[in-house]
Amino acid sequence: MPDRIFNFSAGPGTLPMEVLEQAARDVVNFNGKGIGLIEMSHRSKEFMAVAEEAEALVRELLQVPDNFKVLFLQGGASTQFAMVPMNLLGPGKKAAYLNTGTWSNKAIKEAKFFGSVQVAYSSEESVFNHVPSSEDYQVDDDTEYLYYVSNNTIYGTQFHELPKTDKMLICDMSSDIMSRPVDFSKFGLIFAGAQKNMGPAGCAVVIIREDLLDRTPENVPTMFRYKTHADTGSMFNTPPCFSIHVIGLVLKWLKKLGGIPAIEKINRDKAALLYNAIDGTDFYRGHALKSSRSLMNITFNLPTPELEAKFIAEATAKGFDGLKGHRSVGGCRASIYNAFPREGVEKLVAFMREFEKNN
Ligand SMILES: *Cc1c(COP(=O)(O)O)cnc(C)c1O
């Protein structure tokens with residue numbers, strides 16, 4: 001694949017080549033049916049099998065317990081910022097949030113439409129360069145849940161242990177789902193936009209504990225009720241067929257690779273290559289505090305904004321795409337999701353050494 005470059009994009013992120021090739025074939029002609037997957041009834045035997053397999057793979061890879069429903073919903077991760085409180089809060093109800101970056105900030109804003117919010121912790125003052133440990137905050141007693149973002153895509157921070165609380169956890173895992181195991185006994189609901197570690201944008205995977213389906217207030221519209229989708233196998237209306245199919249292909253690829261335990265090791269190893277390169281010199285400086293570093297998004301700065309611009313321009317010319325940091329932090333960001341090849345990390349590290357020498 002000589003025309004492929006290394007894609008460090010934070011999202012949508014890089015996908016496995018074999019998945020892209022298969023998906024491209026399936027768009028034109030699915031399973032020899034003579035019509036493409038995206039032209040086919042979502043109630044057809046063929047598509048029902050696609051949806052069932054995608055769900056089965058989510059369940060198998062993440063070891064989802066039987067009392068949780070797996071839903072494929074539209075509107076990306078951001079719709080979940082509102083759907084979570086719309087279904088789980090209501091007048092007089094309260095939830096706790098950990099504010100560790102842009103995505104939690106947006107979720108807090110939505111929650112306030114449906115109940116009251118305790119922001120139990122915020123790392124905003126330090127440009128979100130860390131996530132808290134459980135000793136750093138206190139969750140109010142009268143809260144329904146504690147919400148957090150497991151991996152802060154923009155700032156390059158990640159929770160390495162679960163928040164310790166007796167409240168049910170709700171988590172936005174958009175940028176690190178399928179990179180490590182999930183202890184579902186602590187969670188009421190997790191969700192993730194597909195476009196970082198699982199597939200195309202627009203689809204969110206929601207995994208919700210069954211007993212929560214009946215908490216939704218009466219006046220919540222049909223499409224925004226989790227129960228609507230849980231009762232219909234995510235087929236209340238036409239689901240995001242193509243996204244669900246690609247998610248299935250990505251998860252099949254992940255299973256073949258050895259599943260979560262295998263990818264977790266690979267990811268640790270890839271991230272260590274980059275963090276070692278950053279720590280080995282004063283030229284590069286990591287944005288995230290060491291204890292909060294993300295294995296998915298590596299954020300770093302160079303001595304000056306001018307050098308950062310030069311670094312990104314030269315890197316882009318060499319086939320390293322998507323390294324510019326988010327505008328809210330500046331600097332550089334290398335997103336190395338599950339499907340990002342180790343070879344690309346090795347080559348970037350070599351380029352970083354060379355750039356430092358020349359500058
Ligand atoms: C990308 C991202 C989102 C937003 O996803 P959309 O599908 O664009 O709404 C939300 N949360 C996190 C952690 C993300 O990385």
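These questions and answers walk through a predicted model of one chain with a bound ligand.

User: How many helices and strands does the chain have?
Analyst: This is a predicted model. Both element types occur in the chain. The secondary structure comes to 9 helices and 14 strands.

User: What radius of gyration does the chain have, and what would a compact globule have?
Analyst: The chain has 359 residues, and a compact globule of that length would have a radius of gyration near 21 Å. The chain agrees with this, so its fold fits the globule rule. Its value is 21 Å.

User: What box do the C-alpha atoms fill?
Analyst: The box is taken along the principal axes. It is roughly 65 × 60 × 30 Å.

User: What percentage of the residues count as buried?
Analyst: Buried means under 20% relative accessible area. The count runs over the 359 residues of the chain. The buried share is 57%.

User: What part of the accessible surface belongs to carbon and sulfur atoms?
Analyst: The accessible surface of the chain comes to about 15600 Å². Carbon and sulfur atoms hold 52%.

User: Among contacts between residues at least 6 apart in sequence, what share joins residues at least 24 apart?
Analyst: Contacts between residues fewer than 6 apart are left out of this figure. Of the contacts that remain, the share joining residues at least 24 apart is 65%.

User: Which residues come nearest to the ligand?
Analyst: There are 13 residues around the ligand. They divide into 4 nonpolar, 7 polar and 2 charged. Those that come nearest are Ser78, Thr153, Asp172, Gln195 and Lys196.

User: Which helix gives the largest share of the shell around the ligand?
Analyst: The largest share is 4 residues. They come from a helix spanning residues 76-88. That is helix H3.

User: Which side chain has a polar atom 2.6 Å from a nitrogen atom of the ligand?
Analyst: Thr153 has a polar side-chain atom 2.5 Å from a ligand oxygen atom. Gln195 also faces an oxygen atom of the ligand, at 2.9 Å. The residue 2.6 Å from a nitrogen atom is Asp172.

User: How much of the ligand's exposed area does the protein bury?
Analyst: Polar side-chain atoms approach the ligand, including one of Gln195 at 2.9 Å from an oxygen atom. Taken alone, the ligand exposes 380 Å². The protein buries 87% of that.

User: Is Thr153 buried or exposed?
Analyst: Thr153 is found in the loop between strand S6 (151-152) and S7. Its relative accessible area is 4%. The cut-off for buried is under 20%. Therefore Thr153 is buried.

User: With which side chain does the side chain of Thr153 make a polar contact?
Analyst: Leaving aside neighbours within four places in sequence, Thr153 is in contact with residues including Ala10, Trp103, Lys196 and Tyr337. The polar contact between side chains is 2.8 Å. The partner is Ser175.

User: Where does Phe159 lie, and is it buried or exposed?
Analyst: Phe159 lies in the loop between strand S7 (157-158) and strand S8 (168-172). Beyond four places in sequence, its contacts include Leu98, Val131, Tyr148 and Arg180. Its relative accessible area is 3%, so Phe159 is buried.

User: How far apart in space are Phe159 and Asp3?
Analyst: The two are 156 residues apart in sequence. From C-alpha to C-alpha, they are 36 Å apart.

User: How far apart in space are Pro181 and Pro261?
Analyst: Pro181 is found in the loop between S8 and strand S9 (187-193). Beyond four places in sequence, Pro181 touches Ile260 and Glu264. Pro181 and Pro261 are 80 residues apart in sequence. Their C-alpha atoms are 7.8 Å apart.

User: Is Pro181 buried or exposed?
Analyst: Exposed means over 50% relative accessible area. Pro181 has 58% relative accessibility, so it counts as exposed.

User: Which two residues does a cis peptide bond join?
Analyst: Omega is about -10 degrees at this bond. Pro12 has its place in the loop between strand S1 (6-7) and helix H1 (17-28). The joined residues are Gly11 and Pro12.

User: What is the phi of Asn31?
Analyst: Asn31 sits in the loop between H1 and helix H2 (45-62). Asn31 is exposed, with a relative accessible area of 62%. It is not a glycine, yet its phi is positive, at about 55 degrees.

User: What is the phi of Gln63?
Analyst: Gln63 is in the loop between H2 and strand S2 (68-74). At 66% relative accessibility, Gln63 counts as exposed. Its phi is positive in a residue other than glycine, near 50 degrees.

Key: Residues numbered from 1 in each chain as written. Predicted model: local features only at pLDDT ≥ 70, side-chain atom pairs only at ≥ 80, totals over all residues. Heavy atoms only, no water. Near = heavy atom within 4 Å. Polar contact = N/O pair within 3.5 Å; in protein donor to acceptor, adjacent residues only side chain to side chain. Areas by Shrake-Rupley, 256 points an atom, 1.4 Å probe, with all protein chains shown as cover. Helix = DSSP H or I, 4+ residues; strand = E, 2+ residues; numbered from the N terminus. Nonpolar A, V, L, I, M, F, W, Y, C, P; charged D, E, K, R; others polar. Rg over C-alpha atoms; globule rule 2.2 N^0.38 Å. Buried < 20%, exposed > 50% of the residue type's maximum accessible area, 1.4 Å probe, protein only. Contact = heavy atoms within 4.5 Å.
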